[in-house]
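Visitor: Please take me through a close look at a single part of this model. Then set that part in its surroundings.

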Amino acid sequence: MKNTVFVLILVLGGSAAHSQSAMEKQLLDLVNKERAKAKLSKLEWSDKLAQAALAHSRLLDQHQDLSHQFAGEPALQERVGSTGLRFNSVAENVAESPELEVAHKSLMHSPGHRANILNENYNAIGIAIVQHGSQLFVTQDFAHVMASYTEKQFQDAMITGIKRARRAEKLPPLDILRDPRLRKAACNQDMNTDKMIRGLPGAARLVVFSRSEPGSFPHDLRQAVADAKVNRMGIGVCLETGGRNGFSHFWVVAAFYPENENAQP
């Protein structure tokens with residue numbers, strides 16, 4: 001099987017760490033050189049992605065075949081999510097070859113695999129190589145890994161962004177209160193805003209949404225923050241974990257109060 005390579009691709013869109021071997025480091029360097037030539041940021045090594053990749057490479061070796069999911073094996077998204085990694089997109093390349101550089105060149109000459117390696121959305125990679133005789137079984141797991149936040153960290157970042165947006169509108173700062181009633185509504189994912197607002201005396205507007213990152217605001221929130229008639233705001237944030245799928249996000253409920261209202265949020 002000298003100079004023969006087999007490759008397979010899979011893309012999806014949201015135990016102890018695996019120690020990086022010399023071959024895995026070499027393949028990581030080859031991948032990042034390709035990205036540098038394409039003027040893309042390098043991929044950071046992820047022990048959690050490598051952990052998922054190792055479990056799969058062992059199955060490639062066991063079955064002496066290429067597949068993205070063997071009988072009884074969880075799908076890629078679940079395999080990566082079960083490591084505790086927080087991500088919103090994930091992809092996988094697998095290959096079999098007697099030589100590492102042959103495997104890499106073959107992946108780069110395959111449009112789908114090349115697209116994974118040069119995907120500007122991905123920021124992390126884990127690689128696992130299992131050797132069986134003269135053959136190497138290679139798994140590359142790619143992901144767009146997101147920062148992990150506690151509810152408080154996410155809420156604080158939201159409040160900071162809201163204050164910044166308010167200043168950009170050249171409006172007086174909002175008096176912002178962390179409201180446990182709104183957090184409860186966020187955790188319940190209660191979309192009945194008419195019902196919720198009746199339980200918030202003086203509230204003129206309610207905005208409910210979910211986000212994975214605190215930096216982007218929906219149009220309704222930006223509009224409410226830019227309202228000159230509003231001077232007070234209540235906010236509640238609740239984390240909905242992604243479980244084994246990894247796609248965790250935060251629910252946010254924000255209530256806005258006009259300046260002429262005497263009722264407290």
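Guide: Contact here means heavy atoms within 4.5 Å. Helices (H or I, at least four residues) and strands (E, at least two) are DSSP runs, numbered from the N terminus. The model is predicted, so local features need pLDDT of at least 70 and side-chain atom pairs count only at pLDDT 80 or more, while totals for chains, interfaces and linings use all residues. Residues are numbered from 1 along each chain as its sequence is written, and side-chain values use heavy atoms, with hydrogens and water left out.

The part to look at is helix H6, residues 151–168. First, the whole. The protein has nine helices and nine strands. Of its 265 residues, 47% are buried (under 20% relative accessible area; exposed is over 50%, partly exposed in between; 1.4 Å probe, protein chains only). Its accessible surface is about 13,100 Å² (Shrake-Rupley method, 1.4 Å probe). Carbon and sulfur atoms hold 50% of that surface.

Now the helix. H6 has 18 residues, and its end C-alpha atoms are 26 Å apart. The expected span is also 26 Å, at 1.5 Å a residue, so the two agree. (That expectation is 1.5 Å times one less than the number of residues.)

Which residues of H6 are buried? They are Phe154, Gln155, Met158, Ile159, Gly161, Ile162 and Arg166. Viewed down the helix axis, these buried residues fall within an arc of 165°, so they line one face of H6. The arc is taken from the directions between the helix axis and the C-beta atoms. On the other side of H6, Lys152, Arg167 and Ala168 are exposed.

What does the buried face pack against? The buried residues of H6 meet strands S6 (175–178), S7 (205–211), S8 (230–240) and S9 (249–258). They also pack against helix H9 (219–225).

Phe154 of H6 takes part in an aromatic pair with Tyr149. Rings of Phe, Tyr and Trp (its six-membered ring) pair if their centres lie within 6.5 Å; planes under 30 degrees apart count as stacked, over 60 as edge-to-face and the rest as tilted. The Tyr149 and Phe154 rings are 5.8 Å apart, centre to centre. Their planes stand at 85°, which is edge-to-face. Phe154 is buried, at 0% relative accessibility. Tyr149 is partly exposed, at 24%. Phe250 joins Tyr149 and Phe154 in one aromatic cluster. The protein has three aromatic pairs by this rule.

Next, the exit from H6. Lys170 comes just after the helix, in the loop between H6 and S6. Its phi is positive, near 60°, and it is not a glycine. Lys170 is exposed, at 75% relative accessibility. Lys39 offers a parallel case: its phi is near 60°, a positive value in a residue other than glycine. Lys39 sits in the loop between H1 and strand S2 (44–45). At 78% relative accessibility, Lys39 is exposed.

Back to the interior. A nonpolar core is a set of buried Ala, Val, Leu, Ile, Met, Phe, Trp, Tyr and Cys residues joined through side-chain atoms within 4.5 Å. The largest has 21 residues, and Leu27, Ile117, Ile125, Ile129 and Phe142 make the most contacts inside it. Two or more residues of this core come from each of helix H1 (22–37), strand S3 (87–97), helix H4 (100–108), strand S4 (124–132) and strand S5 (135–145). A second, separate core has 20 residues, including Ile159, Leu221, Met233 and Val252. Ile159 is one of the buried residues of H6.

Val252 leads to another helix. Ala186 lies in helix H7 (residues 180–188). Its C-alpha atom is 5.7 Å from that of Val252, although 66 residues separate them in sequence. Ala186 is buried, with a relative accessible area of 2%. It touches Gly236, Val237, Cys238, Trp251 and Val253, leaving aside residues up to four places away in sequence.

For comparison, take helix H2 (residues 47–63). H2 has 17 residues and reaches 24 Å from its first C-alpha to its last, close to the 24 Å expected. Its buried residues include Leu49, Leu54, His56 and Asp61. Cover for the buried residues of H2 includes S2, helix H3 (76–81), S3, S4 and S5. Gln64 follows H2 with a positive phi, near 50°.
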